[in-house]
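Q: Hi! Could you walk me through this one?
A: Sure, let's take a look together.

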Amino acid sequence: MSYYYYEGQTIDCDREGEEVKLFCPKCNLRDRKHKRDRPLWFNSKTLLFKCFCCDWTGKAKENADEGRRTGNVSMAREGVAPSRRLVFDVNKTKLSDEIVRYFAEKRGISQEVLIRMRITQEMKFLQNAGKEVMCIGFNFFENGELVNTKYRGLEKDFASRTGARTIPYNIDGIVTTRDCAIVEGETDALSFMQSRYYSVISVPNGANSNLDWLDPYVETHFENKDIIYIAVDMDEKGMMLRTELVRRLGKERCRIVTFAEGCKDANEHLMMHGTESLRACLAAAPEMPLEGVFTVKDVKDEFRTLFEQGADTGLSTGFDNLDGLLKLETGRLCVVTGVPNCGKSEFIDMLAVQMNMLHDWKTVFFSPENLPLQMHFAKHSEKLVGKGFKMGITSEEEYVGVYEFLKQNIFSIVPEKGFKLDNILKKAREVVRRKGVKMVVIDPFNRIDHQMEKGMAETQYISHFLDRLASFALSTGTLVVLVAHPRKLERDAITKRYPVPDMYCINGSANFFNKTDYGFAVEREDNSNLCTVHIQKVRFRNLGKCGQATFAFNLNNGRYSPCEVEKAPNGDRRPLYSPTLFDNSNWLIKKLAQKEAAAKQQEMSFDFGRVDCSTGMPD
């Protein structure tokens with residue numbers, strides 16, 4: 001037996017081989033039902049490991065001294081990678097006169113607030129300065145424990161603890177309060193505290209519309225809030241952050257804080273107008289407009305943008321031939337139809353994967369026809385890694401990668417209280433708030449438990465049903481996709497093919513056409529892997545037009561590839577293949593490379609030098 005160590009835990013490797021399954025020392029300490037399970041995947045060469053029960057992950061060491069360290073890994077919440085437990089040194093809270101004077105004169109922050117927030121100072125090597133400088137330490141606590149420290153030189157150079165978790169500043173300060181404020185920087189948070197308002201957090205890493213950091217706190221820290229003040233910077237990036245926060249947290253309880261003219265953030269307002277004026281900004285923050293009652297003033301920013309730049313053309317679907325006919329945007333309803341077994345669901349799955357690869361759209365499905373869940377997830381896996389989903393065909397490394405991707409980006413709704421629309425939309429709204437979902441798929445219409453009021457005609461019911469979906473899409477900032485089967489169609493006596501159904505062919509009401517923003521039908525040839533998407537409605541001309549886009553279906557991985565069409569000698573249509581028609585590459589590898597490049601670019605744009613606090617040297 002071999003022993004490996006990671007952050008105070010011992011991994012007992014009692015099996016031979018490069019990749020083995022072991023008992024997990026973290027979750028085996030819990031009262032688990034299946035004691036014989038070996039959920040920990042371990043690579044004896046790379047020493048990488050991951051537990052598929054408790055999500056514990058990392059790279060182990062063979063050094064025995066590592067195993068003798070005191071303390072275990074602090075797993076504050078499920079799914080967060082463990083990091084070294086930090087110890088808060090109270091001696092470093094003794095600030096020099098220079099630091100205290102800097103806060104008082106340059107930032108308007110008193111020593112009382114610095115003590116309250118346990119501000120520290122320390123000599124640190126800053127990469128941009130190229131030397132050790134005296135730094136201010138903003139300490140990030142969660143449940144009273146130190147999680148991270150962000151260092152700031154007096155010349156605006158920054159550094160952070162290597163490997164520390166990213167959490168909001170002062171997150172413990174809003175746990176039990178009925179209201180809170182969200183700002184963009186730690187100094188802005190201190191500014192509100194100087195004004196005697198302490199229920200304030202600062203977003204990590206500045207203005208960024210990626211709110212993954214919010215996911216673990218939606219239920220524990222924001223569900224109890226009656227009022228949420230959005231007090232971010234009044235610049236372009238701040239406005240983007242504000243829009244996403246309002247979308248995620250709900251406009252019914254968000255209030256937008258504006259600062260005095262010439263002040264872009266809370267600290268500038270504090271310095272120019274004082275504490276009472278800054279606190280008054282909260283009291284003056286208006287409620288969001290009454291639902292259903294608007295003037296042009298309520299959309300003045302959007303109206304101005306439309307005047308200056310013209311209408312938005314929507315987002316690419318990832319298909320060159322389809323983009324000429326259809327561009328997607330949130331706040332819309334899309335209805336998809338087609339005869340049974342024509343590939344409607346398969347094409348929507350592909351569209352969801354494409355939108356995530358290109359635009360980071362997360363998707364939630366209500367899809368009873370794709371149960372059991374593991375089979376539906378396997379379809380997404382094939383499209384992501386470019387090949388069938390089976391041990392020996394797909395490697396363990398690819399499996400781990402696709403597992404992590406699906407866990408973070410694809411969700412499925414199976415309401416416990418039945419398939420009523422109320423239950424489906426309630427769960428979908430929760431996923432939108434907690435996970436930032438942008439696309440909601442309801443597949444199909446006929447599997448919903450429809451609750452028609454007594455005396456209501458079917459046409460009236462469907463009209464009301466579609467209105468609710470459109471309202472949901474608009475209020476949550478999502479694209480809602482509804483898959484609906486047509487009524488029974490007759491085959492052509494000569495060609496033996498079904499006619500292409502349109503929105504009016506959907507059983508029940510012409511409102512499927514009238515009330516949708518996007519409408520298209522999926523058609524698949526019986527004798528070939530040819531698929532044609534018929535765009536039959538695009539409500540706004542800036543988002544597309546009617547037409548047809550043809551694809552070849554890849555049986556190896558369920559992907560669709562744009563293609564030309566030729567006629568066979570018997571008159572049947574078939575794809576005109578080319579050497580580059582099918583892409584069987586692993587898209588997750590490309591996605592990871594793009595994210596790493598984007599992260600480096602963002603780090604450079606923020607001029608954010610990182611430092612290893614255990615050595616005091618740059619990474």
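**A first look around**

A: Of the 619 residues in the chain, 49% are buried (under 20% relative accessible area with a 1.4 Å probe, protein chains only; exposed is over 50%, and partly exposed is in between). This is a predicted model, where local features need pLDDT of at least 70, side-chain atom pairs count only at pLDDT 80 or more, and totals for chains, interfaces and linings use all residues. Residues are numbered from 1 along each chain as its sequence is written, and side-chain values use heavy atoms, with hydrogens and water left out.

Q: How many helices and strands does the chain have?
A: There are 17 helices and 27 strands, taken as DSSP runs numbered from the N terminus (helices are H or I, at least four residues; strands are E, at least two).

Q: What about helix 11, is it buried or exposed?
A: Mostly covered: 14 of its 16 residues are buried.

Q: Why does its length make sense?
A: Helix 11 covers residues 344–359, and at 1.5 Å a residue its 16 residues should span 22 Å (1.5 Å times one less than the number of residues). The end C-alpha atoms are 22 Å apart, so the two agree.

Q: And what comes just after helix 11?
A: Asp-360, which takes a positive phi of about 60 degrees.

Q: Changing topic: where is Val-440?
A: Val-440 lies in strand 18, residues 439–442. It counts as buried because its relative accessibility is 4%.

Q: Which residues does Val-440 touch?
A: Leaving out residues up to four places away in sequence, Val-440 touches Val-364, Ala-428, Phe-472, Thr-478, Leu-479, Val-480 and Val-481. Contact here means heavy atoms within 4.5 Å. Val-480 is 40 residues from Val-440 in sequence, yet their C-alpha atoms are 4.7 Å apart in space.

Q: What is in the largest nonpolar core?
A: It has 58 residues, and those with the most contacts inside it are Phe-103, Ile-119, Leu-190, Phe-192 and Phe-222. Such a core is a set of buried Ala, Val, Leu, Ile, Met, Phe, Trp, Tyr and Cys residues joined through side-chain atoms within 4.5 Å. A second, separate core of 45 residues includes Ile-348, Leu-479, Leu-489 and Ala-549.

Q: What does Phe-222 touch?
A: Not counting residues up to four places away in sequence, its contacts include Ile-174, Cys-180, Leu-249 and Arg-253.

Q: Last one: how much of the contact total is between residues 24 or more positions apart?
A: Such pairs account for 64% of the contacts in the chain with a separation of 6 or more.
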